[in-house]
Structures are given as C-alpha cells and as structure tokens.
Amino acid sequence: MNNTQSTLQLARKSYQPKLPKALRGAIEVVELGKTEPATHKEELKKLFPNTYGMPILRFVESTKQKEYPAINVGIILSGGPAPGGHNVISGLYDGLKTSNKDSRLFGFILGPGGLINHEYKELTADIIDEYRNTGGFDLIGTGRTKLEKEEQFEKGLEIMKKLDIKALVIVGGDDSNTNAAILAEYYQAKQAGIQVIGCPKTIDGDLKNDIVEASFGFDTTCKIYSEIIGNIERDCNSTRKYWHFIKLMGRSASHIALECALQTQPNICIISEEVAAKNQTLDDIVTYIAKAVAERAERGLNFGTVLIPEGLIEFIPAMKSLIAELNDLLADTTEGQTAKQSEQRNWVISRLSTKNAAIFASLPESVAAQLTLDRDPHGNVCVSRIETEVLLSSMVGTKLAQWKAEGKYVGKFATQHHFLGYEGRCGFPSNYDADYCYALGCTAAQLIFAGKTGYMASVRNTVAPANEWVAGGAPLSMMLNVEHRRGKEHPVIKKALVDLEGRPFKEFASHREEWARETEYVFPGPIQYFGPSELCDKPTKTLQLEKAD
Ligand code: FBP
C-alpha cells in the first residue's frame, strides 16, 4: 500500500473532470472578429507587429473528424502555485494524445528557469495519472524567473529545437502571460516555428477580461480561506474576547478579500481599490475600524473580524507614491545592496523626496524594513511579507486608547492576527477548478493543433453547467497596455482590479454596515468534492454576481 497518498488523494484520482460539449469531439475554429488593446494602440502595434489585432476564437462542435500530425509540446508553470495546475497539464496531455497518440509533452522544471537552463522531463501517462485532480505545482515545480531577454529566448529555442518542440504553453498570471505575449511575438517574427499559448492562472483573480472570465485557482483558494475565516468567526462568537485581524493573500487586487467577505460576512473588510478611489489615508482606515470596534463595544460586543487585503498598503495614495519611489531607488541593486548591509533606513531616507522621506520615517521600523525587501523579478514589492494586519491592529489599539482617555470608548480590545496565504495555494482543486483547468488544458491543445500562437486559452460561461461552457482563444495582445515599471515603460497585461461599480462590490457595500454592527457570520465549511452539484460545483459568489444576467 502506498502510504504517502491520503484517502482523498486516492479517491480524487478517479474523478473525471467535466468537459464542455465542444471539447468532447471534433471541433471547428470560428473567428469572432479582430481585436485591439484598450489603450496604447499605436505603440503596441509597433511592438507586436506579428501578433497584433488577431481575432477572438471560439470552438464549435464539428462532424468532420480531422487528422492532426503528432506534435511535441512544452509546458511551463510560472509564478505562485494555484489549485488546478496539474489538471491543466493532464487536460493538455489528454488533448494532445486524443488528437494524435504519438504527440509528446515535456515539462520544464521550476518555471521559466527550466526552459533557459534546459531542465525538463517528459510527462508520460504513468506520471500524469499520479497527479490528476491534485493541488500544487509539484509535478514540475514553478518559479518566478522573468523571460524577457533575447538571450533567454534563444536558449529556450535551442532546447526546444533539440526536443523537436513546436509549441510552448505558459501557465501564469499577468506578468507571465505578458512574457508569453513577448515570446510569441519574438518567435513569430523570426519564423522560429514555435507557437506560444498562455493559460490564465493566479489565486489573486486579477487576470480576467470579457473573454477570460476567471483565473484558475481563485475559486479553490477563496473557498479554503473562507472555511478558515468561518471557523475563526465561530471561535470569535464562542469566546467573545478577540478582534481577529486577518490578512488575505492577493498581492494587488482585493478580489480574494471581497469574495471571502461575501462568503463569510465578517464585521469589516477593507477593499484597497475603494481606499485608492476615495484617496484615504492610513489614519482614515484606522479610524473607520476603530469606530466599528467602539460601536460594538457600546453594546458589549468586544469581538469581531476584520479582513485586510494583502496589497492594501500599495493602494493608500501616499504609500503608493512612496513605494513607487522606493521601487525606482532600489532598482539600482548595487547601491541597494550596499545600503542593506549598513543603516538602510537612513540611507533610504536620505535619498527619498522630502514628502516620501517623512512618510517613510513615520512608519514603524518593521514595516519600513519590510517595504525595502527585495522585489520579485517582475519588480513587485513582496506584499506577503508586510505585516499590514499587525500595523492596522496596533494603530487601532492606539486610537482606542486615546478615545478611552477622552472618555469616548469603554471597551476591551484584545487582538489576534492571521495571514491566510500559503495555506490556500496548493489545496486540492474544487470541482470548479478541476473541471475549468482540465478544459483549459484541452483548449490549449486545440489552439496548438489549429496552428495558433500569441493566444490565451479561454473557457467561459462557467456559471452554467460544464456542458455549456464555451472554449476558444483570446489574443494576448488585446490584453496589453503600457505601464511604468522599474523605472521604464513596459508593455504589460493590465491587472483587473475590483470594479467599484461592479455587482460583487455593490453587494458587499450594501450589507457592510449591518455586518459591522451585528454578528451575521456565515460558516461555509470545507470544500465538498463528492455530493450534489449545488454543494460541489458552485463557482465563486464573485463570478455568480458578475454573470448574473
Ligand atoms: P501569482 O500571481 O504568481 O499567481 O502569485 C500570487 C501570489 O500568491 C500572491 O497572492 C502573493 O502576493 C504572491 O504570490 C506570493 O508569492 P511569493 O511567495 O513568491 O512572494
């Protein structure tokens, strides 16, 4: 008996992901009209002459069975893990093999670095079968190496030529799919004979648009966090003595915090995008929380739950300007490194503009130090290492102490802190993510057989039963815009932030006062994998609200 596999793992092995009708047999590729990016059209047209303006593609069922030549394909998992990645691989594998059994699939090890360093493994049926419907990216690993230099593209080409690989699937978030767009254009321009297909992954939920309605992993991760938040709420309601400050992963956008709020009805949830739109200061946020704490305390309710999106700090306008200046300052790694070794705080203060230096100097030392930690290879601040939940709770504590001295507050304020991040990224994919990812993998295979490059696999209409999902492709170039990053202008896929005019936010906003005042917690419990569809297959509340009509 294999003693490293849990009972659930063994049971999930035989789960057969549900597929849309159009992916179950022969397909026809229908072109739905040319596309263009929303902004920076002329600049992007010049930068992407070979992949600009391509049409959206939709797969429809066909009666004509086509013969496809065998093809060798490579796959890269890039960035943070997200539940369902293994099903993208199994869907791609099955899609390739069903169309031609002599096709082969190679996985590059530990992300884009595997392509550059020529580290790979062939993924055969016995290996794939071990990983079907499991969480994690451990089948081939993942990494954050940025694919951006010509010499990296050439190193990639070298190994792909050697393995006779004709298509590369890049599974990643906005940054990795930006790299996929650039790589597709590069190989197309030099007629290298390599197709590049992207696949939308990130628990953060911020890679979405009209054609790509969700990034995979968001569904499972939010359900895992919501289970834990529900458990904390029940503890909170049972002992009635703590305010729990819960930071939730999600780097920039607050989709995870918003979805978890919709699922669990906490007392408070901060939405970074609203903070930015209302030009709020750190003190505004602290006052808002403190008021809710004080009002509950008046009714003897000295407990509560506060959800804080991981990226909050970057959305407070004054902090955003400080971080932007820090990013440019620290982009000069030589100086940055020297500074790290000695008196970094003073070194940074001495080089910042007067206004930002004052803000930096006013921050608690731990938070200031966390803001200067190394950026990831894409230039992002590592927000998961900034303890915003501790910062906020201590500032709320200080404000309440002040109000107490002024006779305005009469409660007890004891706190607990949580960071829900890595707990969710590798969970067993929910049925939604297992099905969605498998369909994305099969879609990528069909885009490859159709000879496409510079496309992202797209599966939509996913609030309907899987049978009715719509599969096809969206040109990566239509998702690009030009942004200032690491001191320069770069073409990048625009992050989809929480839309303050959208239904999910409006639904939350219409209830939040009541949730702050009363105790209306909802306990979602663990993800269910076996049982009735209404219990096991429901997508996130965000998606249901977004697609309500
Ligand atoms: P991706 O966008 O690459 O999927 O990563 C998402 C994420 O989980 C963020 O929510 C988080 O800020 C980040 O990765 C943390 O990753 P790391 O530990 O590599 O900094």
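In this predicted model, Leu57 has Gly473 of strand β13 as its bridge partner. The pairing belongs to a wider contact between two strands: β2 and β13 (residues 470-475) run antiparallel and are joined by 2 bridges. Arg58 takes part in this region as well, standing opposite Gly472 in β13. On strand β2 there is also Val60, the bridge partner of Glu28. That match falls within the antiparallel pairing of β1 (residues 27-34) with β2 (residues 55-61), which extends over 6 bridges.

Strand β13 has a further partner in β12, and these two strands pair in the antiparallel sense over 6 bridges. Within this pairing, Met456 stands opposite Ala474 of β13. How many residues of β13 are buried? The count is 6 of the 6, so the strand is largely enclosed by the rest of the structure. A general feature of strands helps in reading this result: in a regular strand, side chains alternate between the two faces of the sheet. For β13, one side carries Val470, Gly472 and Ala474, the other carries Ala471, Gly473 and Pro475, and both faces are covered.

These strands can now be placed in their sheet. It is an open sheet of 9 strands with mixed pairing, in the order β1-β2-β13-β12-β7-β6-β3-β4-β5. Strands β1 and β5 (120-122) stand at the edges with a single partner strand each, so one side of each has no neighbour in the sheet. On average, neighbouring strands here are turned by 25° against each other, direction ignored. The mixed character of the sheet can be followed by eye: whereas β1 and β2 are antiparallel, strand β3 (residues 72-77) and strand β4 (residues 104-108) pair in the parallel sense over 4 bridges. In that parallel pair, Gly74 stands opposite Phe106 of β4.

The loops offer some details of their own. Thr142 is located in the loop between α5 (125-131) and α6 (150-162). Its side chain reaches the backbone oxygen of Gly79 at 2.8 Å, and a polar atom of the Thr142 side chain lies 3.5 Å from the backbone nitrogen of Ser78. Neighbours within four places in sequence aside, the residues in contact with Thr142 are Leu77, Ser78, Gly79, Pro81, Leu110, Gly111 and Phe137.

Two other loop residues draw attention through their backbone angles. Asp164 is not a glycine, yet has a positive phi of about 60°. This residue sits in the loop between α6 and β6 (165-172), and with 42% relative accessibility Asp164 counts as partly exposed. Asn461, also not a glycine, has a positive phi of about 65°. Asn461 belongs to the loop between β12 (455-460) and β13, and is partly exposed with a relative accessible area of 32%.

A second open sheet has 4 strands, with parallel pairing and the order β9-β10-β8-β11. At its edges stand β9 (268-269) and β11 (415-420), each with a single partner strand, so one side of each lacks a neighbour in the sheet. Strands β8 (residues 243-248) and β10 (residues 304-309) form a parallel pair over 6 bridges, in which Leu248 stands opposite Pro309 of β10. Helices lie across these strands. Helix α8 (residues 218-239) lies across β8, β10 and β11 and runs at about 175° to β8. Helix α9 (residues 255-264) lies across β8, β9 and β10, at about 155° to β10.

On the scale of the whole protein, three divisions are assigned: domain 1 (22-63 + 70-217 + 429-480), domain 2 (218-310 + 387-421 + 495-549) and domain 3 (316-383). Taken over C-alpha atoms, the centres of domain 1 and domain 3 are separated by 36 Å.

Helix α16 (residues 354-362) shows how one helix can have two faces. Which of its residues are buried? They are Asn356, Ala357, Ile359 and Phe360. Viewed down the axis of α16, the buried residues fall within an arc of 165°, so they line one face of the helix. Their cover includes α13 (317-331), α15 (344-351) and α17 (365-371). The face of α16 turned away from the buried side carries Thr354, Lys355 and Ser362, which are exposed.

Note on methods:
Residues are numbered from 1 along each chain as its sequence is written. This is a predicted model: local features need pLDDT of at least 70, side-chain atom pairs count only at pLDDT 80 or more; totals for chains, interfaces and linings use all residues. Side-chain values use heavy atoms; hydrogens and water are left out. Two strands pair if DSSP finds at least two bridges between them. Axes are lines fitted to C-alpha atoms, for helices over the stretch in contact, and angles run from 0 to 180 degrees between N-to-C directions. A polar contact is a pair of N or O atoms within 3.5 Å; within protein, one must be able to donate a hydrogen and the other to accept it, and residues adjacent in sequence count only if both atoms are side-chain atoms. Contact means heavy atoms within 4.5 Å. Domain bounds come from an automatic or database domain assignment. Buried means under 20% relative accessible area, exposed over 50%, partly exposed in between (1.4 Å probe, protein chains only). The arc is that of the directions from the helix axis to the C-beta atoms.
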